[in-house]
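Welcome to a short tour of one protein chain. Please keep the 3D view open as you read, so that each stop can be followed by eye.

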Amino acid sequence: MLRTMMKSKIHRARVTEANLNYVGSITIDQHILDEVGILPHEQVQIVNNNNGARLETYVIPGERHSGVICLNGAAARLVQPGDIVIIVSYGLLSEEELETFQPKVAIMNEQNEIEEMIEQESPLTII
């Protein structure tokens, strides 16, 4: 059996742009993507702490160390620059993979710099 588990999380990032006239997706600073292990074109869920909106889209890499968090296309209607968002990617894991898997969480500061990296415990050690 495969389980859908949180793989990576960018916690409390600040939206820098909302570009309605773009094909779609979310642009994220490549440095942040590298640190949490999210790939270009990977599916992510975005939760807007300011208004409660939730959406799914895919990632486009942004300029490294730019701090960019830009919602593009229709998703731009669900955020405003300055909103705080949580960005989560999920992975399908086998029972065997669950034993050693550790999700990565980046805690962001107000400039979209990683303030702290947290490697979560394996889900099986929490039980």
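## Cys-70 and its surroundings

Cys-70 lies in strand E6. In this predicted model, Cys-70 counts as buried because its relative accessibility is 4%, under the 20% cut-off. Leaving out residues up to four places away in sequence, Cys-70 touches Thr-16, Glu-17, Ala-18, Asn-19, Ser-25, Ile-26 and Thr-27.

One of these partners has a special place in the strand pairing: Glu-17 stands opposite Cys-70 in E6. The strands concerned are E2 and E6 (residues 69-72), which pair in the parallel sense over 3 bridges. For a sense of distance, try finding Glu-95 as well: Cys-70 and Glu-95 are 25 residues apart in sequence, and their C-alpha atoms are 35 Å apart in space.

## Ser-25, an annotated position

Another partner of Cys-70 is Ser-25, and this residue comes with a note from a record. The unreviewed UniProt entry places the feature "modified residue: Pyruvic acid (Ser)" at Ser-25. In the model, Ser-25 is found in strand E3, which covers residues 25-29.

Is Ser-25 buried or exposed? Ser-25 counts as buried, because its relative accessibility is 2%. Neighbours within four places in sequence aside, Ser-25 is in contact with Thr-57, Tyr-58, Ile-60, Cys-70, Leu-71 and Asn-72.

## The sheet as a whole

Now step back to see how the strands are arranged. An open sheet of 9 strands runs in the order E2-E6-E3-E5-E4-E7-E1-E8-E9, and its pairing is mixed. Strand E2 (17-19) and strand E9 (114-119) stand at the edges; each has a single partner strand, so one side of each is left without a neighbour in the sheet. On average, neighbouring strands of this sheet are turned by 30° against each other, direction ignored.

Strand E7 (residues 84-94) is a good one to pick out, being mostly covered, with 9 of its 11 residues buried. Strand E1 (residues 2-14) pairs with E7 in the antiparallel sense over 10 bridges, and here Arg-3 stands opposite Leu-93 in E7. Strand E4 (residues 43-48) also pairs with E7 in the antiparallel sense, over 4 bridges, with Gln-45 opposite Val-88 in E7.

## The nonpolar core

The largest nonpolar core has 21 residues, and those with the most contacts inside it are Ile-10, Ile-26, Ile-28, Ile-46, Leu-71 and Ile-87. At least two residues of this core come from each of E1, E3, helix H1 (30-36), E4, strand E5 (54-62), E6, E7 and E8. H1 supplies the largest share of this core, 3 residues.

Leu-71 is worth a closer look. Apart from neighbours within four places in sequence, Leu-71 is in contact with Val-15, Glu-17, Ala-18, Asn-19, Ser-25, Ile-26, Ile-46, Leu-55, Ala-76 and Val-79. Among these, Ile-26 and Ile-46 are themselves listed with Leu-71 for having the most contacts inside the core.

## Asn-109 in a loop

The last stop is a loop. Asn-109 is found between strand E8 (104-108) and E9. Where does Asn-109 stand in terms of accessibility: buried or exposed? Asn-109 is buried, because its relative accessible area is 17%, under the cut-off of 20%.

A polar atom of the Asn-109 side chain lies 2.9 Å from the backbone nitrogen of Gln-111. Asn-109 also touches Arg-12 and Glu-115, not counting residues up to four places away in sequence.

Methods
Residues are numbered from 1 along each chain as its sequence is written. This is a predicted model: local features need pLDDT of at least 70, side-chain atom pairs count only at pLDDT 80 or more; totals for chains, interfaces and linings use all residues. Side-chain values use heavy atoms; hydrogens and water are left out. UniProt positions are given in the numbering used here, feature names are shortened, and annotations may be inferred rather than shown by experiment. Buried means under 20% relative accessible area, exposed over 50%, partly exposed in between (1.4 Å probe, protein chains only). Contact means heavy atoms within 4.5 Å. Two strands pair if DSSP finds at least two bridges between them. Axes are lines fitted to C-alpha atoms, for helices over the stretch in contact, and angles run from 0 to 180 degrees between N-to-C directions. A polar contact is a pair of N or O atoms within 3.5 Å; within protein, one must be able to donate a hydrogen and the other to accept it, and residues adjacent in sequence count only if both atoms are side-chain atoms. A nonpolar core is a set of buried Ala, Val, Leu, Ile, Met, Phe, Trp, Tyr and Cys residues joined through side-chain atoms within 4.5 Å.
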